[in-house]
Structures are given as C-alpha cells and as structure tokens.
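Welcome, and thanks for taking a look at this one with me. Have the viewer open as you read, and we can walk through the chain together.

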Amino acid sequence: MAKRRYVARGVSGGYRIWDNRARRWWGDHYELCPDDLLAELNGAADPGRITAQLRRYRALRR
C-alpha cells in the first residue's frame, strides 16, 4: 500500500491535517477527526467535494 499524502494528526484541542509531501500543515484546525475529508484528499481529490467538506467542517465550528 502506498504511503498516504494527507494524514490527520492530533494536536491540542483537536486535529490538523499534515501534508507528507510538502511537509507542512494543510487546512484549518478541526475539533473532530475529518475522516471523510482525508478520504477525498487521498482518493479522487475532486475540488467540488473537497470544498463541500471544508464548508461542512467550518459550519460545525460555528
């Protein structure tokens, strides 16, 4: 199995997404683990679905 590019890492207060290729954080801080967003990023990477997932997780923070 190939190494995943994006992984969720636990940080104080929640999770952040780590980009293994660029070696930096990607996106925002999430209180809940963004499993479906990670699956989309590591899978088909459809920009429309990624944007919808980001909007959903931002709405959960409010």
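In which helix is the place of Q53? Its place is in helix α2. Keep in mind as you explore that this is a predicted model.

**Q53 and its partner D36**

Let's stay with Q53 for a moment. This residue counts as buried because its relative accessibility is 19%, and the cut-off for buried is under 20%. Leaving aside neighbours within four places in sequence, Q53 is in contact with D36 and L37.

D36 is a good residue to visit next, and its place is in helix α1. With a relative accessible area of 29%, D36 is partly exposed. Not counting residues up to four places away in sequence, D36 touches Q53, R56 and Y57. You can also set D36 against D46, which is 10 residues apart from it along the chain: the C-alpha atoms of the two are separated by 13 Å.

**The chain as a whole**

Stepping back, the protein chain has two helices and three strands. Their order along the sequence is β-β-β-α-α. The radius of gyration is 11 Å, close to the 11 Å that the globule rule gives for 62 residues, so the chain is as compact as a globular protein of that length. Taken along the principal axes, the box filled by the C-alpha atoms is roughly 35 × 30 × 20 Å.

Of the 62 residues in the chain, 27% are buried. Among contacts with a separation of 6 or more, 20% come from residues 24 or more positions apart. The chain exposes about 4500 Å², and carbon and sulfur atoms supply 48% of that area. As for charge, there are 14 positive and 7 negative side chains, with the centres of the two sets 6 Å apart.

**The two sides of α1**

Which residues of helix α1 are buried? In this helix, which spans residues 35–42, they are L37, L38, E40 and L41. These residues cover an arc of only 165° around the axis, which puts them on the same side of α1. A reminder about helices in general fits here: an α-helix has 3.6 residues a turn, so residues three or four places apart point the same way.

The face of α1 turned away from the buried side carries the exposed residues D35 and A39. What, then, covers the buried residues of α1? The cover includes the strands β1 (6–11), β2 (14–19) and β3 (24–30), along with helix α2 (47–61).

**Two loop residues with positive phi**

Finally, here are two residues whose backbone angles may catch your eye. R23 has a phi near 55°, a positive value in a residue other than glycine. A45 likewise has a positive phi, near 55°, and is a residue other than glycine. The table sets out where they sit and how accessible they are.

| Residue | Loop | Phi | Relative accessible area |
|---|---|---|---|
| R23 | between β2 and β3 | near 55° | 64%, exposed |
| A45 | between α1 and α2 | near 55° | 36%, partly exposed |

So where does each of these loops lie in the chain? R23 is in the loop between β2 and β3, while A45 is found in the loop between α1 and α2.

Definitions and conventions:
Residues are numbered from 1 along each chain as its sequence is written. This is a predicted model: local features need pLDDT of at least 70, side-chain atom pairs count only at pLDDT 80 or more; totals for chains, interfaces and linings use all residues. Side-chain values use heavy atoms; hydrogens and water are left out. Helices (H or I, at least four residues) and strands (E, at least two) are DSSP runs, numbered from the N terminus. The radius of gyration is taken over C-alpha atoms; the globule rule is 2.2 Å times the number of residues to the power 0.38. Buried means under 20% relative accessible area, exposed over 50%, partly exposed in between (1.4 Å probe, protein chains only). Contact means heavy atoms within 4.5 Å. Accessible areas come from the Shrake-Rupley method with a 1.4 Å probe; for residues, only the protein chains shown count as cover. Lys and Arg count as positive and Asp and Glu as negative; His and the chain ends are not counted. The place of a charge is taken as NZ of Lys, CZ of Arg, CG of Asp or CD of Glu. The arc is that of the directions from the helix axis to the C-beta atoms.
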